[in-house]
Structure formats: C-alpha cells, structure tokens
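Work through the exercises below with the model open beside you. Try each task before reading its solution.

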Amino acid sequence: EETYKGGEYDCSCTRPLDLKQEIPMNSGENTYLLNNCDNICKQPATLKVHKQTHLVAKPNKYDEYDCSFTAFRNLNQRMRTHLSKKPYKCSECDYSCIAYAKLKIHMRTHSGEKPYKCNECDYSCTTASSLKIHMRTHSGEKPYRCTECDYSCITSTQLKIHLRIHTSEKPYKCNECNYSCITSTQLKVHMGIHTSDKPYKCNECDYSCIRSTELKIHMHIHTG
C-alpha cells in the first residue's frame, strides 16, 4: 500500500488529501489554506501543487541532474537553465531569460518603474528583494558574517568580495599590465592610468583625477 509522509510533520497516511485538508477561508474570495501551514492559495490547482511541498517525494525529476521538483512548471524552468533556453526576450535590448516574471522585472529598467518604496527614506527599487536588502541599512542588520574575522555585512555579494582578502583571490586582471584586484570597481579605477580618463573633476579649478579620494584631498587646497 502506497503511503505519503509529511516532510514537516510526524504523520503518514494512505491518500494525499488525508495528510492535510484544505479549509476555505472567509475572506470574500475563494482562497484555501492547509492546516498548520501559512501558505494561502487562491486556486484548488495551486493548492494541489503546494501540498506536494509537504511530501518527501518529489514526483518530477530531471534524471541528468541531481534535482527534483514539485511542479512541472518548476521542472520546465530548471530544464531551461540546463539547456540554455531563454524564450522570453526583451524588445528594447538583447536581454533574455527563462521566465516571464524575470522579463517583467527587467522591463522596469527601461520604463524607470520602481514600485517598491522605502518607508524610512526616498529610496525606491524594482524588486522586493532589493527593498529587503535596503531596509537593513536602517535596521543595522548584517546577517552575513565572515568565519575568518569579525566582519559582517548586508549582502552575500559583499561577503563574497570580503573573503577574497583572506584567500588572496584577485579575479579582475588588467589586460595592459600585471595589475589584478578584488573588485571590478578597482579595475575600472586602475584602467584610468592607461586611458588617461580622469572622471573626478574639481569645480574650483582645472584639476581632475582618477579616484574620488584624490579629489577629496585636493579640495583641501581650496577649503584650507
């Protein structure tokens, strides 16, 4: 007899519906939820897919890779990442992606739309995840911590860059000399030596320089 086990609960049963029963919510619209689960679904079909996340077995498996999924939609998207298929294309530039939702977010870079707004300052952004990261600047939360020193930071990207200090990794290399560095920003500044590009200009005289720190030092001449 086939049984179904709840991945988050100590229970088993002979039918998926015995595992968790859906309960209609009195919210003015047809919504459903599971016992002991915070997920809310607006369609029975969506609820059916979500139920499978509570089961140990994941029925849709992509045999060539070590991954499995609870919905064919998720499997199809994952297969596109392996097969490099990006059917959703931007009409404004060369950008393409595996999911329509990603294309919708990308289009905001062209339209200038920033629907997510900070309630502490004037900051606004294109995605909810970006706003979540920004809010840490107000809360002081730094969830990413270095295991080698006391450094902590707001994003995983910042931690990844910091760890290069400990590993001595310098992935950005100059194609004009032997210079290498930790970040693309450092390389961009360095390239000014070869191109004579001096983007930082003094508004009091004709002085210009490669780095903002150099301009700051120069300004002491005018301010005393």
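**Exercise 1: Place Thr 183**

Locate Thr 183 and describe its surroundings.

Step 1. Thr 183 sits in the loop between β15 and α7 (184-195). Helices (H or I, at least four residues) and strands (E, at least two) are DSSP runs, numbered from the N terminus.

Step 2. This is a predicted model: local features need pLDDT of at least 70, side-chain atom pairs count only at pLDDT 80 or more, and totals for chains, interfaces and linings use all residues. Residues are numbered from 1 along each chain as its sequence is written, and side-chain values use heavy atoms, with hydrogens and water left out.

Step 3. Thr 183 has a relative accessible area of 17%. It therefore counts as buried (under 20% relative accessible area; exposed is over 50%, partly exposed in between; 1.4 Å probe, protein chains only).

Step 4. Leaving aside neighbours within four places in sequence, Thr 183 is in contact with Ile 161 and Tyr 172. Contact means heavy atoms within 4.5 Å.

Step 5. A polar atom of the Thr 183 side chain lies 3.2 Å from the backbone nitrogen of Gln 186.

**Exercise 2: Compare Cys 181 with Met 219**

For Cys 181, then Met 219, find the location, the accessibility and the contacts.

Step 1. Cys 181 belongs to strand β15 (residues 180-181). Its relative accessible area is 2%, so Cys 181 is buried.

Step 2. Cys 181 touches Lys 170, Pro 171, Tyr 172, Gln 186 and Leu 187, not counting residues up to four places away in sequence.

Step 3. Arg 164 is 17 residues from Cys 181 in sequence; C-alpha to C-alpha, the two are 9.6 Å apart.

Step 4. Met 219 lies in the loop between α8 (212-218) and α9 (220-223). With a relative accessible area of 22%, Met 219 is partly exposed.

Step 5. Met 219 touches Cys 202, Asn 203 and Glu 204, again not counting residues up to four places away in sequence. Met 219 and Asn 203 are 9.3 Å apart, C-alpha to C-alpha, and 16 residues apart in sequence.

**Exercise 3: Examine helix α5**

Which residues of α5 are buried, and what do they pack against?

Step 1. Helix α5 (residues 128-139) has 12 residues. From first C-alpha to last it reaches 17 Å, close to the 16 Å expected at 1.5 Å a residue (1.5 Å times one less than the number of residues).

Step 2. Leu 131, His 134 and Arg 136 are the buried residues of α5.

Step 3. These buried residues pack against β10 (116-117), β11 (124-125) and β12 (144-145).

Step 4. Gly 140, just after α5, takes a positive phi of about 80 degrees.

Conventions:
Polar contact = N/O pair within 3.5 Å; in protein donor to acceptor, adjacent residues only side chain to side chain.
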